[in-house]
Amino acid sequence: MEIYDRVKYLRKDFLHLTQDEFSKKLNISRANVANIESGRVSITERTIQDICRIFSINEDWLRFGHGDIERPPMGKGNELVELIADLVQTDDDFSKQFIIEYLKLSDDEKEVIKKIMRNVKEYL
């Protein structure tokens, strides 16, 4: 099975998503998904990484067919490292600056932010 076959299997049989739903979650066009699944175009490195991150897919399975399809749950430390690595590679300057400013806060100031976030979470 080639990588494009695994992408189609993942989308259709494992995630039960249409090409349109899958493409929206990955922020690519439906036509691009169709072209990847048919092998007409090669899947990009970014799309591979996005699929693995967004759907918690084992990258070795997606690339080579090795191992389980799902990535084992990460510990909090590994998840943080992965999220920061993703953030560093984006153009999301607001999020980057937000994290920088948060880390500069005193412990008391961080507690205020945490309380606000807990209240927002409870509200939602």
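**Charges, cover and phi in a predicted model**

Me: Met117 lies in helix α8. What makes Met117 and its partners a nonpolar surface patch?

Reply: The model is predicted. A patch takes residues with over 30% relative accessible area and no salt bridge, and it joins nonpolar side chains within 5 Å. Val112, Ile116, Met117, Val120, Tyr123 and Leu124 make up this one, with an area of about 700 Å².

Me: How do you know that Arg46 and Asp50 form a salt bridge?

Reply: The N to O distance between their side chains is 3.1 Å. The cut-off is 4 Å, so the pair qualifies.

Me: Where do Arg46 and Asp50 lie, and how many residues apart are they?

Reply: Both are in helix α4, which covers residues 45-55. They are 4 residues apart, about one turn of the helix.

Me: Why is Asp50 called buried or exposed?

Reply: The relative accessibility of Asp50 is 11%. Buried means under 20%, so Asp50 is buried.

Me: And what is Arg46 called, and why?

Reply: Arg46 has a relative accessibility of 44%. That value falls between the 20% and 50% limits, so Arg46 is partly exposed.

Me: Which other residue forms a salt bridge with Asp50?

Reply: Arg53 does, and the closest N and O atoms are 2.9 Å apart. Asp50 and Arg53 are 3 residues apart in helix α4, about one helical turn. Arg53 has a relative accessible area of 32%, so the term for Arg53 is partly exposed.

Me: What makes Lys114 and Glu111 a salt bridge?

Reply: Their closest N and O atoms are 3.4 Å apart, and the limit is 4 Å. Both residues lie in helix α8 (residues 107-123), 3 residues apart. Lys114 has a relative accessible area of 34% and Glu111 one of 40%. Both values fall between 20% and 50%, so each residue is partly exposed.

Me: Which residues are linked in a network of salt bridges, and how many salt bridges are counted?

Reply: Glu45, Glu59 and Arg63 are linked in such a network. The count comes to 8 salt bridges.

Me: Lys110 is also in helix α8. Why does Lys110 have no salt bridge?

Reply: The nearest side chain of opposite charge is that of Asp107, 4.6 Å away. A salt bridge needs a distance within 4 Å, so this pair does not count. Lys110 is nevertheless buried.

Me: What is Lys110 in contact with, apart from its neighbours within four places in sequence?

Reply: Lys110 is in contact with Tyr102, Leu103 and Leu105. Contact here means heavy atoms within 4.5 Å.

Me: What makes the phi of Asn27 worth a remark?

Reply: Most residues other than glycine have a negative phi. Asn27 is not a glycine, yet its phi is positive, about 60°. Asn27 lies in the loop between α2 (19-26) and α3 (30-38). Its relative accessible area is 67%; exposed means over 50%, so Asn27 is exposed.

Me: What is the phi of Ser56, and where is Ser56 placed?

Reply: Phi of Ser56 is near 55°, a positive value in a residue other than glycine. Ser56 sits in the loop between α4 and α5 (59-64).

Me: Which exposure term fits Ser56, and why?

Reply: Ser56 has a relative accessible area of 33%. This is neither under 20% nor over 50%, so Ser56 is called partly exposed.

Key:
Residues are numbered from 1 along each chain as its sequence is written. This is a predicted model: local features need pLDDT of at least 70, side-chain atom pairs count only at pLDDT 80 or more; totals for chains, interfaces and linings use all residues. Side-chain values use heavy atoms; hydrogens and water are left out. Helices (H or I, at least four residues) and strands (E, at least two) are DSSP runs, numbered from the N terminus. Buried means under 20% relative accessible area, exposed over 50%, partly exposed in between (1.4 Å probe, protein chains only). Lys and Arg count as positive and Asp and Glu as negative; His and the chain ends are not counted. Patches are made of residues with over 30% relative accessible area and no salt bridge: like charges are joined within 9 Å, nonpolar side chains (Val, Leu, Ile, Met, Phe, Trp, Tyr) within 5 Å. Accessible areas come from the Shrake-Rupley method with a 1.4 Å probe; for residues, only the protein chains shown count as cover.
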